[in-house]
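Colleague: Before I set anything up with this protein, I would like a close look at one part of it. Could you take me through a single helix pair, and then place it in the wider arrangement of the chain?

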Amino acid sequence: MNNQSLDIATLVKTQKKGFALTQPFYLSDAVFEKDVDSFFYQDWQMAGHVSEIPQAGDYFLFEMMKESVIIVRGKDGTVHALANVCRHRGSRVCIEPRGNTKRFTCPYHAWAFNLDGSLFNARMLDEDHDRSKLGLKRVAVEVFHGLIYVSFSDAPASFDKLRADLDPVLAPFALERTKIAYRESYPVRANWKLLVENYNECYHCTAAHPEFARSHVTHMAAERVEPLNAEMQARSKLAGVPTDYFDCIGSARPKGSPDYACNRYSLFDGYLTGSEDGAPLAPLLGKVKAYDSGASDVYVGILNPMLIYCDHALIYRFIPVDKDTSIQEIIWLVHEDASEGTDYDLDRLKWLWDVTTIADKRIIEKNQEGVNSRFYEPGPFVSMEAYTQRFIEAYLTTLTNA
Ligand code: FES
Ligand SMILES: [Fe+2]
């Protein structure tokens, strides 16, 4: 659907509340362009983990559609995010996806930049040019409990309130003292919104995820879940895991503040963590003293959910490739001292979310095929899809304000 004259404001206005989005939201090029500008280039994006760049000069590239950012640890230990666009004539400066270097030298005419982005050398450049103004452009970056977030925006939303509110929620798990045990990218032939919508509801879990539904309660009615959560809260207290969480992905996304939300819920009896048999998967994280048989859902912005068990954590990234294609990436984190083969078995660790994400890929692609049809007509949400509805309301509000 390449409808240049599509009026997005009218599309938003005529969207029926409580119903799935209409077809142009998924198929229109104009909507996708707006999505990119108002979501992907405005929100904070999870770029990586500090354990990927432990030493000065360690770097990796964070890439999203047209943008490429060098995430690098400077000489003094600071994490910098630098636009990977040469200040001479615009070439990519850094080509290797990760590595260690003293400085970045452009492959085109060899301008060289220090780890903090400042210009180190520009051959034959007239002395009358102010070299201090020719450093690589800096991209907004925040390091939060070991997770590195960047924003492509010129005026990114403040991270302060989120930082203050989520600090106590994340502190017990010491994610800054974890390492990446495994990461996997799952390409999905679908618009990015279908991935986010799917992640945010467990209405589909009973049918699509028998493995997940054995251990997780999120597909159950509230009456069934509340007693389990009450029992978990007593265990959580002993384990040193706070559960007096709040839930604040609002439908109106206040400008100037990224959204966030969190809650901790109990797993079914017999499951200490998200494993196939309920048994532990890895050493306990951070200051967690015992298994409370719970899992924390934490959102840093709408696009960066994570799931934290007592002994491992998962970070999700929804990465748009184009209007019809996305990547679902998952990063598995374990305690930094844990050794593979001794303290954890990689196949057991990744089993649940690998099998679940492969199933999700299948159902999301079938969802997209149906949405493409001339017979597609948005249907009503059920109450179990409340988080998906909130995503959609937040999405529509962002489009309106953008
Ligand atoms: S474009 Fe980088 S040195 Fe010329
Ligand atoms: Fe799913």
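Modeller: The pair I would choose is α5 with α9, whose crossing is right-handed. Please keep in mind throughout that this is a predicted model. Helix α5 covers residues 192–199 and helix α9 covers residues 346–371, and the two pack with their axes 10 Å apart at an angle of about 125 degrees. Because angles over 145 degrees would count as roughly antiparallel and those from 65 to 115 as roughly perpendicular, α5 and α9 are therefore described as oblique to each other.

As for the residues that make this contact, α5 contributes Leu194, Leu195 and Asn198, which meet Asp360, Ile364, Asn367 and Gln368 of α9. Sorted by class, the contact between α5 and α9 is made up of 3 nonpolar, 3 polar and 1 charged residues.

Turning to the wider arrangement, the protein is divided into domain 1, spanning 45–143, and domain 2, spanning 159–401, and the C-alpha centres of these two domains lie 32 Å apart. Where the domains touch, 9 residues of domain 1 are in contact with 14 residues of domain 2. On the domain 1 side of that contact, strand β1, residues 45–49, gives the most, with 3 residues, and by class the domain 1 side as a whole holds 4 nonpolar, 3 polar and 2 charged residues.

How values were computed
Residues are numbered from 1 along each chain as its sequence is written. Chains are lettered from A and ligands numbered from 1 in the order in which they are written. This is a predicted model: local features need pLDDT of at least 70, side-chain atom pairs count only at pLDDT 80 or more; totals for chains, interfaces and linings use all residues. Axes are lines fitted to C-alpha atoms, for helices over the stretch in contact, and angles run from 0 to 180 degrees between N-to-C directions. Helices (H or I, at least four residues) and strands (E, at least two) are DSSP runs, numbered from the N terminus. Angles under 35 degrees count as roughly parallel, over 145 as roughly antiparallel, 65 to 115 as roughly perpendicular and the rest as oblique. A crossing is left-handed if the near helix is turned anticlockwise from the far one by less than a right angle, and right-handed if clockwise. Two residues are in contact if their C-beta atoms, placed from the backbone, lie within 7 Å. Ala, Val, Leu, Ile, Met, Phe, Trp, Tyr, Cys and Pro count as nonpolar, Asp, Glu, Lys and Arg as charged, and the others, Gly among them, as polar. Domain bounds come from an automatic or database domain assignment.
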